[in-house]
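Let's work through some exercises together. Keep the sequence and the 3D view open, and try each task before reading its solution.

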Amino acid sequence: MAAKKSQQFDPVETLHAIEEKFEMVQVLNEEGEIVNEQADPKLSDEELQELMSRMVYTRILDQRSISLNRQGRLGFYAPTAGQEASQLASHFALKKEDFILPGYRDVPQLIWHGWPLHQAFLFSRGHFMGNQMPEGLNILPPQIIIGAQYIQAAGVALGMQKRKKEAVAVTYTGDGGSSQGDFYEGINFAGSFRAPAIFFVQNNQYAISTPRELQTSAKTIAQKAVAAGIPGVLVDGMDPLAVYSVTRDARERAIRGEGPTLIETLCYRYGPHTMAGDDPTRYRTSDTDSEWEKKDPLIRFRKYLEAKGIWNEEKENEVIEKAKEEIKAAVKKADSAPKQTVTNLLEIMYEEVPFNVQEQLDIYKAKESK
Amino acid sequence: MAQMTMVQAITDALKTEMQNDENVLVFGEDVGNNGGVFRATEGLQKEFGEDRVFDTPLAESGIGGLAIGLALQGFRPVPEIQFFGFVYEVMDSISGQMARMRFRSGGSLNAPITLRSPFGGGVHTPEMHADSLELLMTSQPGLKVVVPSTPYDAKGLLISAIRDNDPVIFLEHLKLYRSGRQEVPEEAYTIPLGKADIKREGKDLTIIAYGAMVQESLKAAEELEKEGYSAEVIDLRTIQPLDIETIVASVEKTGRAMVVQEAQKQAGIAANVVAEIMDRAILSLEAPVLRVAAPDSIFPFSQAEQVWLPNSKDIIETAKKVLTF
C-alpha cells in the first residue's frame, strides 16, 4: 500500500467520505412511480403480478397468524407486516437451489421457498414435525439466537463453492443482529473465502424496543461491509423493485465468484416484536408509525401495477380469498398432527440411541403408551 | 506397525479419514501451512490441498458456524479449536447449534462434525490454555465427548468420531501429546464411541479415570500392588455417553470404587459416575465411592500447577481410604 506523504491522513474526513457514499437505492417511490430507470429490474407483467400476489398473500397470512395467536391456536409468532418488500422481493430474486438461513421473522421467505404452511404453523405451535425439512428443500428452521445464522451462512456458502454449485447462501437478521459478534464473523469469513453469500439486515428500526441509533454510531449498517472488504448496499426496504434489483445483482456477483454482499433494507414492522406481550406504544409514537405506513410496500406497488393496467381490486380479492382458504386448510392439517411425546423427542437426539437415552426411552414409552 | 506419539496418531487418523472420504475437511487457526500449533495437522495441507485443509480467520465462533454450514452441504467437517480454553467463544455454535441440529429439525438434518481441541494441564501454558472444561460439553445433550489417553486409542477413536453422524467433541490432552509412544497400526481401525477400556485388571478396587489421569491411576495401581492391593483401572475414553455396563460390572466384581478427574471437583464428571454407581450397584459396595479431583479454584498460574493437578500420590491416598473402610 502506498504511503500518503504529502499531507496528514484525516480519519474523520475519510469516515464521512465513506458514509456519504452509502445512498439509499430506490426504484419505486411512495407514489408508485419509477424514479430510477437504471436500477429498474424490468420484470415481466407476470412476474410483477406474482410478486404482488405474494406480498398480498403474506399480509393476509400475517393478519390471520396474529388472530390465530390471539385465539390460542398458534404459539410463537413474530409479525411481518411492513417487511413484505424486504422479505419477498429479496426472495423473489432467489432460485430453488439457493439455501436460506432465516431469523425468526423470516417465515414468509421459507414458505415461498417451499416450506409447507402447515409445518410453519406446527413450528409456531412448538411441534417437532414443523421443522422436519422435506428432502431437497434448502432452508434451515428459523434461527432464534440473533446472528448465529450469519456464520452458518458463511459455511453453507463455502460448501457451495467447494461443490461448484451455481447457488448462493442467503441469510437474514435485523438491525439489532448487526451488533452481534457473529454478524462480523459471518461477513468477514465469507469475504475472506469469497464465498457466494448474501447477508441481509432488515433494518426495521427497532430491536424489540431498542432504537436503531443505539445499536451503532455507524450512519448506515450497509457501510459495515467496508470493514470486511465486501460490497454493501443500502436499499429502500419498502420498495419491492429496489430490493429485487440489488438482490439479483448480489446473487449474480456471488455466482460469478465475486464473493458476498451485505444488503441493508430500510423498513418497518407495523406490529409488535412478537405476540408474546410486546407493546410498541412503549417505544414508538403513532406519528412514526403513520410516517412509515405512508411508505407501505403494498400501496406503492399496487399503484404502480394499477397504472400499468395489470392489477385491480378483483385480482387482489382473488389472492386474498386464496390465501384465506389455504391458511384454513393448513390450520386443519396442523390440527391433525399426532400428539407430540417425550418418546418422539428422545428418539431424535442421536442417530444411534445411546445407553442413557435408551433407558429413558423405555421409561417414557411405557408411560406414554398408557 | 509404527511407533507413534499421540499427536502423530491423531495426524495419522486425520490422514486416514481424509483418504477414505473426500467429504472430510480439516480447518481452523494455523492448521494449514503451519500444521497446527501442536503439529497435529502436519503435512495434511500438502497432501490434500488447500481446498480440504485450510486456515480460517481468527474467530472461534466463526469456525463453529463454518463447520455447521459445511455440514449442511454434505461435508464432514473436522474443525480445530486451537486451545479448549477458547471454547467459550464458540459455545453457541457447539451447544446452541450443532448439538441441536438433529433435534430441532425433527430428525431431518444432522451435523456430522468432529471438533478437536487440546486441553488439560501440566505443561505450563499461559491462562485459558489448559483448563479442563469437558463438563461444559458432557452436560449438553446431543453431543458425544471423547478423551483418548493413548496413541492407539486416539487413532481408533478419532476415526470413529469422524465417521459418526452426530457431533463429537474430541479432546486431546496436552500432556499426552508427546509423553509416550505406542505401536499404532497403519491401516484404518475404529474403537467404538461410548465404550470404556479396562487398562489394568484387578480385584480389590475399581479406579475410573480418563485423559491424563489414566496414566496417574496406572502408576498408583502399580504402587498399590506392591502393598498387596489389586486395583482395576478403567479408562472411560468416552465421557458422554458413559459406558455404564463396564463400570458396573467392574464395581460388582471389586466392591470398591473411586473416580479420578483432572478437572475441579465441582466440574462433576466424576460426580456423575458416582451417581451412576449408586443407582445401579449400591448393594455391591463395601465402601463409599470417593473422588480425586482438582480443588475448586480457577486453573492455577503455572508455578502452582504441579501441586494443583491430581497425581498418583493423591490417588493412592484416596484408594487406601476406600480399601480400608
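Below are four exercises, each followed by a worked solution.

This is a predicted model, in which local features need pLDDT of at least 70 and side-chain atom pairs count only at pLDDT 80 or more, while totals for chains, interfaces and linings use all residues. Residues are numbered from 1 along each chain as its sequence is written, chains are lettered from A and ligands numbered from 1 in the order in which they are written, and side-chain values use heavy atoms, with hydrogens and water left out.

**Exercise 1. Describe the contact between chain A and chain B.**

Step 1: Begin with the residues. Chain A brings 38 residues to the contact and chain B brings 44; contact means heavy atoms within 4.5 Å.

Step 2: Next comes the area. About 3500 Å² is buried between chain A and chain B, with 59% of it on carbon and sulfur atoms. Buried area is the accessible area (1.4 Å probe) that two parts lose on being put together, summed over both. On the chain A side, K162(A), F189(A) and Y350(A) lose the most area to chain B, together 20% of what that side buries.

Step 3: Now look for charged pairs. There are two salt bridges between chain A and chain B, where a salt bridge is a side-chain nitrogen of Lys or Arg within 4 Å of a carboxyl oxygen of Asp or Glu. K162(A) forms a salt bridge with D51(B), and their closest N and O atoms are 3.0 Å apart.

**Exercise 2. Find how the two domains of chain B meet.**

Step 1: Mark the domains. Domain 1 of chain B covers 2–184 and domain 2 covers 197–324; such bounds come from an automatic or database domain assignment. Their C-alpha centres are 26 Å apart, and each domain gives 24 residues to the contact.

Step 2: Add the area. Domain 1 and domain 2 of chain B bury about 2000 Å² between them, and carbon and sulfur atoms give 57% of this. In domain 1, H124(B), L135(B) and V147(B) lose the most area to domain 2, together 22% of what that side buries.

Step 3: Count the salt bridges. Two salt bridges are found between these domains of chain B.

**Exercise 3. Is D153(B) buried or exposed, and which residues does it touch?**

Step 1: Check the accessibility. D153(B) counts as buried because its relative accessibility is 4%; buried means under 20% relative accessible area, exposed over 50%, and partly exposed in between (1.4 Å probe, protein chains only).

Step 2: List the contacts. Leaving aside neighbours within four places in sequence, D153(B) is in contact with P148(B), L158(B), I191(B), D197(B), K199(B), D235(B) and R237(B).

Step 3: Pick out the charged partner. R237(B) and D153(B) meet through their side chains in a salt bridge, 3.3 Å from N to O.

**Exercise 4. Describe the contact between the two domains of chain A.**

Step 1: Locate the domains. Domain 1 of chain A is made of 20–30 + 38–338, and domain 2 is 340–369. Their C-alpha centres lie 37 Å apart.

Step 2: Count the residues and area. Four residues of domain 1 of chain A are in contact with four residues of domain 2. The area buried between these domains of chain A is about 330 Å², 59% of it from carbon and sulfur atoms.

Step 3: Search for salt bridges. The rule finds zero across this interface of domain 1 and domain 2 of chain A.
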